[in-house]
Amino acid sequence: MKKSYYSICKAVAFFLLVTLMGNTNSFAQTKTDLSKANIEKLLNEAYTKFKDVKEGKNADYIKELANVDPNIFGIALVTTDGTVYTKGDIGSMVSIQSVSKVFVMAQILEELGPQAIQDKIGVDATGVRFNSIVAVELQKGKEINPMVNPGAIAATSLVAGADSAAKWKSILQKQSDFAGRQLTVNQPVYVSEAGDNLRNQAIAHLLLAYGRMYFDPVQATDIYTKQCAINVNAKDLATMAATLANGGVNPVTKKKIVSPQTVQYTLPVMATAGLYDDSGIWYYNSGLPAKSGVGGGLLAVCPGKFGIAVVSPPLDAAGNSVKAQKVIKYVVEQLKVDPFLIEPKK
């Protein structure tokens, strides 16, 4: 029943997202004010409203993350015409962590096509923890998705490249293209994670046993660990989200990063599996595909309109930034951009 439920949710999300992106006149959506004055006003309101929230705590199972300043709080919104709005701490960097999974998925979709990803990894929500070994064992490595660790490591192993160095170079460049600037790795975070990634190594070897790992499992896990340690700020993440919102063209640099079809197949998986165990709760309350990372970043995509991101390290029990969720939900509500908020035609 749970598997059927997730499959139905995925199908509904896919239909609505494709319809909204492909034909914005299909529904009489609630009118929204995306003027410069209104966006700036809302970001200011959101910052003031939530800056003193003390809920949550930094991730501590990765030692370096426990040391990150919990007071970092930056908001950015980038529209599909390339206008950038920011509020708060935009200079401070955090490691991208699981948010990187979105853009590796987009990369392999671009390289291999949607059917290959469905066949080689899977696109269903697993219904269990993001780092679950049980999910791999139950499905014999099948029917997972690139937003959870097993699917993400498999996705990394699929990236084109003759060797580990070539694959890593390709991944870093693609993430940088999405962000619109050259990104770098947070070495202390990488070293910290690489010294304590035995569970992910175990997952990679189990996938190999089921024929679902497509490169050396130790090297693939190391590349995956390194991609999670890429440094980003709120503006980087918002630009990455806006590139998806703009059908694969970075609205700031005007460079085509991926095709509209790649975006079409990336967003539904974000919608059903982007916020760990609370993905359904998030989608219910916002209607937007999103992805979080335990470094404290969270981005969301409003198709055809904008990308929004918040960086704030303290997390809730599910591993999602507390302030980021509150800010993005507030902005979505005030702008009335939830795609499921539909006004009847008169």
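**Figure 1. The hairpin of strands S1 and S2, with Leu-77 facing Tyr-85.** In this predicted model, Leu-77 stands opposite Tyr-85, a residue of strand S2. The two strands of the hairpin, S1 and S2, are antiparallel and are paired over 5 bridges. Between them lie 4 residues, and in this hairpin Gly-82 adopts a positive phi near 90°. Strand S1 covers residues 74-79, and strand S2 covers residues 84-88.

**Figure 2. The open sheet of 5 strands.** The strands follow the order S2-S1-S7-S6-S5, and their pairing is antiparallel. Strands S2 (84-88) and S5 (290-292) occupy the edges; each has a single partner strand, so one side of each lacks a neighbour in the sheet. From one strand to the next, the twist averages 10°. In a regular strand, the side chains point alternately to one face of the sheet and to the other.

**Figure 3. The pairing of strands S5 and S6.** Strand S5 is joined to strand S6 (residues 297-302) in the antiparallel sense, over 3 bridges. Within this view, Ala-290 is placed opposite Ala-300 of S6. Strand S5, which spans residues 290-292, is one of the edge strands of the sheet.

**Figure 4. Helix H15 across the sheet.** Helix H15, formed by residues 322-335, lies across three strands: S1 (74-79), S6 and S7 (306-311). The helix runs at about 150° to S7. In the strand order of the sheet, S7 stands between S1 and S6.

**Figure 5. Lys-305, in the loop between strands S6 and S7.** Lys-305 belongs to the loop that lies between S6 and S7. Its relative accessible area is 22%, so Lys-305 counts as partly exposed. In sequence, Lys-305 and Thr-79 are 226 residues apart, whereas their C-alpha atoms are 5.8 Å apart in space.

**Figure 6. The crossing of helices H4 and H8.** The axes of helix H4 (residues 100-112) and helix H8 (residues 164-179) come within 10 Å and cross at roughly 105°. The two helices, H4 and H8, are therefore roughly perpendicular to each other. On the H4 side, the contact is made by Ser-100, Phe-103, Val-104, Ala-106, Gln-107 and Glu-111, and on the H8 side by Ser-170, Ile-171, Lys-174, Gln-175 and Phe-178. The residues of this contact comprise 5 nonpolar, 4 polar and 2 charged.

**Figure 7. The surroundings of Gln-175 in helix H8.** Gln-175 is a residue of helix H8. With a relative accessibility of 0%, Gln-175 counts as buried. When residues up to four places away in sequence are not counted, Gln-175 touches Ile-96, Ser-100, Phe-103, Val-104, Leu-183, Ile-230 and Met-240. Among these partners, Ser-100, Phe-103 and Val-104 also belong to the H4 side of the contact between H4 and H8.

**Figure 8. Asp-177 and its polar contact with Lys-255.** Asp-177 is likewise located in helix H8. Its relative accessibility is 15%, and Asp-177 therefore counts as buried. The side chains of Asp-177 and Lys-255 are joined by a polar contact of 3.3 Å. Apart from neighbours within four places in sequence, the residues in contact with Asp-177 are Asn-250, Lys-255 and Ile-257.

**Figure 9. Lys-254, a loop residue with a positive phi.** Lys-254 is not a glycine, yet its phi is positive, at about 70°. The residue is part of the loop between helix H12 (234-245) and helix H13 (260-273). Its relative accessible area is 54%, and Lys-254 is therefore exposed.

**Figure 10. Tyr-276, a loop residue with a positive phi.** Tyr-276, a residue other than glycine, has a positive phi near 55°. Tyr-276 is situated in the loop between H13 and helix H14 (279-286). At a relative accessibility of 9%, Tyr-276 counts as buried.

**Figure 11. The chain as the setting of the close-up views.** The chain contains 15 helices and 7 strands. Of its 346 residues, 56% count as buried. Among the contacts in the chain with a separation of 6 or more, 71% are between residues 24 or more positions apart.

Note on methods. Residues numbered from 1 in each chain as written. Predicted model: local features only at pLDDT ≥ 70, side-chain atom pairs only at ≥ 80, totals over all residues. Heavy atoms only, no water. Axes fitted to C-alpha atoms, helices over the stretch in contact; angles between N-to-C directions. Parallel < 35°, antiparallel > 145°, perpendicular 65-115°, else oblique. Contact = heavy atoms within 4.5 Å. Nonpolar A, V, L, I, M, F, W, Y, C, P; charged D, E, K, R; others polar. Pairing = 2+ DSSP bridges. Buried < 20%, exposed > 50% of the residue type's maximum accessible area, 1.4 Å probe, protein only. Polar contact = N/O pair within 3.5 Å; in protein donor to acceptor, adjacent residues only side chain to side chain.
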